[in-house]
Amino acid sequence: MSVRISSNQVLDAGTQAMDNSLVDATAWQKKISSGKQYSKVSDNAYAVTRGVRLDFDIGRLQMYKANQNFLTSSHAVAQAQMSSIIDELNSLKQTFTQSQNGALNTSNFGALKIQAQQIRDTIKSQMIAKDATGNPIFSDTVNQVQIEPNVMVDSGVKFTDAFGAGGTFSTPENSQLYDSINKFVTYLDEKSRGVATTQTAGSVESGLDTAFDQITMAEQISGGISAQVDASKTAMSAFGVEFASSQSTLLDTDMAEATAAYTRAQTLLNAAQAMFAKLQSSNLFSKL
């Protein structure tokens, strides 16, 4: 039994082989030049859809990083300012200790009063200082900022959290911290004039201690937030590496595989073209 193949069948087979090889070679060449494994959803619906989801996750990750950098800067500035104020308060407490020396006269109290006034005015200027962007370091309100999924922290140190109730950025004189210092100044002023004091030494000292504890606590809380942000940075950095790896696995072209496949397709195309050219020159096709 013999199988007869028509000349048209041979021609169609050769043409189809060239078309298939050309399509394969073109597809692999496009992947190599673009670096992308898939260019449209119809290529691989799951991979492309998942890749879009990863793009969104990476976008959110970048938002978290921006928030983390902002918070790091915001709290670092606030902590530096509070540290300076705490140093001033320590100097003020030393001045109070000196004021309890029973051998002091009115002139001595006058000198201590000037020293306490200078510290008070310095602290006031630090309370209403602004950062490099022109915003208050200690604002009346703070926002909640997201640093990782489901984790929100304060964007800065609130004015009343650092300096006690009663005052605002525009009226720092009404804050508990300023009031405590001012009472000490008044105490020294009355001592320098030799009149009866309206405040006892015990109440003045207690007020200074309360103000010191208040701002120290605010500094510690801010430091805790900074530590939390640092931990989130480390965690988000690890997530970023995982996202990038997953995205690359799904969407990026494997260059070694693509180059081998392109070479194979090109070789088949060349072979098909050579075979078709040989068939065209044969007597069989010349008789068609």
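**Asn150**

I looked up Asn150 in this predicted model. Is Asn150 buried or exposed? I noted 77% relative accessibility, so Asn150 counts as exposed, the cut-off being over 50%. I placed Asn150 in the loop between strand 1 and strand 2 (151-154). Its backbone caught my eye: phi is positive, about 65°, although Asn150 is not a glycine.

**Overall layout**

I then stepped back to the whole chain. I count eight helices and two strands in the protein. Reading from the N terminus, I get the order α-α-α-β-β-α-α-α-α-α. The protein has 288 residues, and 33% of them count as buried. I also checked how far apart in sequence the contacts reach. Among contacts with a separation of 6 or more, 74% join residues 24 or more positions apart.

**Aromatic rings**

How many aromatic pairs does the structure hold? I found three. I wrote down the geometry of two, starting with Phe138 and Phe163. Their rings are edge-to-face, with 5.0 Å centre to centre and 75° between the planes. Why does this pair tie together separate parts of the chain? Phe138 sits in the loop between helix 3 (106-127) and strand 1 (144-148), while Phe163 belongs to helix 4, so the pair links parts 25 residues apart in sequence. Both Phe138 and Phe163 are buried.

Next I took Phe159 and Phe163. This pair is edge-to-face as well, at 4.9 Å centre to centre and 70° between the planes. Both residues lie in helix 4, four residues apart, about one turn of the helix. I checked accessibility for each. Phe159 is at 0% relative accessibility and therefore counts as buried. Phe163, at 1%, counts as buried because the cut-off is under 20%. I record Phe138, Phe159 and Phe163 as one aromatic cluster.

**Ser175**

I moved on to Ser175, in the loop between helix 4 (159-163) and helix 5 (176-193). Its relative accessibility is 0%, so I log Ser175 as buried. Which residues does Ser175 touch, leaving out those up to four places away in sequence? My list reads Met127, Phe159, Phe163, Gly164, Ala165, Gly166 and Gly167. Two of the cluster residues, Phe159 and Phe163, are thus in contact with Ser175. I also found a polar atom of the Ser175 side chain 3.3 Å from the backbone nitrogen of Tyr178.

**Gln214**

I located Gln214 in helix 6 (residues 201-251). Its relative accessible area is 29%, so I mark Gln214 as partly exposed. Gln214 and Phe163 are 51 residues apart along the chain, yet I read 6.6 Å between their C-alpha atoms. Not counting residues up to four places away in sequence, Gln214 touches Thr160, Asp161, Ala162, Phe163, Gly164 and Gln176. Phe163 and Gly164 also appear among the contacts of Ser175.

**Largest pocket**

Last, I looked for open space. The largest pocket holds about 370 Å³. How many residues line the largest pocket, and which lie nearest its centre? I list 18 lining residues, with Phe70, Ser74, Asp131, Asn135 and Pro136 nearest the centre. By class, I note eight nonpolar, nine polar and one charged residues in the lining.

Key: Residues are numbered from 1 along each chain as its sequence is written. This is a predicted model: local features need pLDDT of at least 70, side-chain atom pairs count only at pLDDT 80 or more; totals for chains, interfaces and linings use all residues. Side-chain values use heavy atoms; hydrogens and water are left out. On a 1 Å grid over the protein atoms alone, a cavity is a set of points where a 1.4 Å probe fits but cannot get out, and a pocket is an open set with protein on both sides within 12 Å along at least five of seven lines; lining residues have an atom within 4 Å of a point. Grid points are joined across faces, edges and corners, and a volume is the space filled by probe spheres set on the points. Ala, Val, Leu, Ile, Met, Phe, Trp, Tyr, Cys and Pro count as nonpolar, Asp, Glu, Lys and Arg as charged, and the others, Gly among them, as polar. Buried means under 20% relative accessible area, exposed over 50%, partly exposed in between (1.4 Å probe, protein chains only). A polar contact is a pair of N or O atoms within 3.5 Å; within protein, one must be able to donate a hydrogen and the other to accept it, and residues adjacent in sequence count only if both atoms are side-chain atoms. Contact means heavy atoms within 4.5 Å. Rings of Phe, Tyr and Trp (its six-membered ring) pair if their centres lie within 6.5 Å; planes under 30 degrees apart count as stacked, over 60 as edge-to-face and the rest as tilted.
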